[in-house]
Amino acid sequence: DDVRDLRFNSADDNGVDRSTTMTLDDGSPVRIDIESDTGRPINPYGRTGVRGRGMLGRWGVNHAADTLVTRWRRTANGRVMQRGGRPVIEFVAVLRSDGGGWAIPGGFRYAGEDQLAIFAREFIEETMEGTLDQAGTETLEKLLNKGEKLCSLYCFDPRNTDNAWMETTCALFHDETGLLTEPLKFSAGDGADQVSWLMIHSGLQLFASHKELLHRAAQRLHAHF
């Protein structure tokens, strides 16, 4: 494919953002290098062994959004569980139907889409298929309004190639009391085989760079990992 007309390191006139979320040590944005002979963007993390766009939809950065919903893991008597002197957290996880294992609910970010709408859409599509009633909608809105950006990072995704790669922005929605997530009814939806609360710990094996996202969430909440 001829990609010379595509605009990298910025958003184009259609709102497609082909700039990276990665930054240098001084906070300035990383610039994507371009192959002089093909005009194709070069993966900042180097060669993968696969040239071209592969299975990804866009050349260069493919932006994703991951919705990390957490709460304290509690014992049968309602006390917050402790490990190594730190509280334990659990998160809503989906078992990917493509064989990729357990993951944080998320997906691709559409051009021009509102940030909060992205996180809500992906979470509902993957975890609440056909179960979201009016009461659930109101509860979910309260939960999602309490969110904060956790981080943006390059994803070590098996679909990455030399010229196309995944980066994600993860938002953390922590339910401090557990009262907002308790009434939610989960059912595996688009791209998922199962939905479950999983305890966060260093032994988890997760899709792509999702374990790093959990590590950062545990650090943010001063919790066990």
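## Notebook: a predicted protein chain

**Entry 1. Glu 141.** I began with Glu 141, which has its place in helix H2, residues 134-144. The model I am reading is a predicted one. I looked up how much of Glu 141 is accessible and found a relative accessible area of 46%, so the residue is partly exposed. I then took the distance from Glu 141 to Ala 120, which is 21 residues away along the chain. Their C-alpha atoms are separated by 8.5 Å.

**Entry 2. The order of elements.** I next went through the secondary structure of the whole protein chain. I noted three helices and nine strands. Reading from the N terminus, I wrote the order down as β-β-β-β-β-β-α-α-β-β-β-α. I then asked how the radius of gyration compares with the globule rule for 225 residues. The radius is 19 Å and the rule gives 17 Å, which is close, so the chain is as compact as a globular protein of that length. I also recorded the box filled by the C-alpha atoms, roughly 65 × 40 × 35 Å along the principal axes.

**Entry 3. Burial, contacts and surface.** What share of the 225 residues is buried? I found that buried residues make up 48% of the protein chain. For the contacts with a separation of 6 or more, I looked up how many join residues 24 or more positions apart, and the share is 68%. The protein chain exposes about 11,400 Å². Carbon and sulfur atoms supply 47% of that area.

**Entry 4. Charges.** I counted 26 positive and 33 negative charges in the protein chain. The mean positions of the two sets are 5 Å apart. A search of the whole structure for salt bridges gave 15. I examined three of them in turn.

**Entry 5. Arg 4 and Asp 2.** Arg 4 forms a salt bridge with Asp 2, and the closest N and O atoms are 3.5 Å apart. Are these two residues buried or exposed? Both Arg 4 and Asp 2 are exposed.

**Entry 6. Arg 73 and Glu 90.** In the salt bridge between Arg 73 and Glu 90, the closest N and O atoms are 2.8 Å apart. I located the partners and found that the pair links distant parts of the chain, 17 residues apart. Arg 73 is in the loop between strand S1 (60-72) and strand S2 (82-83), whereas Glu 90 is in strand S4, residues 89-96. The accessibility of each partner was my next step. Arg 73 has a relative accessibility of 25%, so I recorded it as partly exposed. Glu 90 has 7%, so I recorded it as buried. I then followed the connections outward and found that Arg 73 and Glu 90 belong to a network of salt bridges that also links Arg 71 and Glu 182.

**Entry 7. Glu 212 and Arg 216.** The side chains of Glu 212 and Arg 216 meet in a salt bridge, with an N to O distance of 2.9 Å. Why are these residues separated by about one helical turn? They are four residues apart in helix H3, residues 210-220, and this spacing is the reason. Glu 212 is partly exposed at 33% relative accessibility, and Arg 216 is partly exposed at 31%.

**Entry 8. Lys 211.** I stayed in helix H3, where Lys 211 also lies. Its relative accessibility is 30%, so it counts as partly exposed. Which residues does Lys 211 contact, once its neighbours within four places in sequence are left aside? I listed Ser 202, Leu 204, Gln 205, Leu 206 and Phe 225. I also took the distance from Lys 211 to Ile 104, 107 residues away along the chain, and their C-alpha atoms are separated by 9.2 Å.

**Entry 9. Positive phi angles.** I closed with the backbone. Most residues other than glycine have a negative phi. I therefore noted two residues with positive values, citing the general tendency above. Asn 9 has a phi near 65° and is not a glycine. Asn 9 is found in the segment before S1. Its relative accessible area is 17%, and because buried means under 20%, Asn 9 is buried. Ala 208 has a positive phi of about 45°, and it is not a glycine either. I placed Ala 208 in the loop between strand S9 (192-199) and H3. At 25% relative accessibility, Ala 208 counts as partly exposed.

How values were computed: Residues numbered from 1 in each chain as written. Predicted model: local features only at pLDDT ≥ 70, side-chain atom pairs only at ≥ 80, totals over all residues. Heavy atoms only, no water. Helix = DSSP H or I, 4+ residues; strand = E, 2+ residues; numbered from the N terminus. Rg over C-alpha atoms; globule rule 2.2 N^0.38 Å. Buried < 20%, exposed > 50% of the residue type's maximum accessible area, 1.4 Å probe, protein only. Contact = heavy atoms within 4.5 Å. Areas by Shrake-Rupley, 256 points an atom, 1.4 Å probe, with all protein chains shown as cover. Lys, Arg positive; Asp, Glu negative; His and termini not counted. Charge placed at Lys NZ, Arg CZ, Asp CG, Glu CD. Salt bridge = Lys/Arg side-chain N within 4 Å of Asp/Glu carboxyl O.
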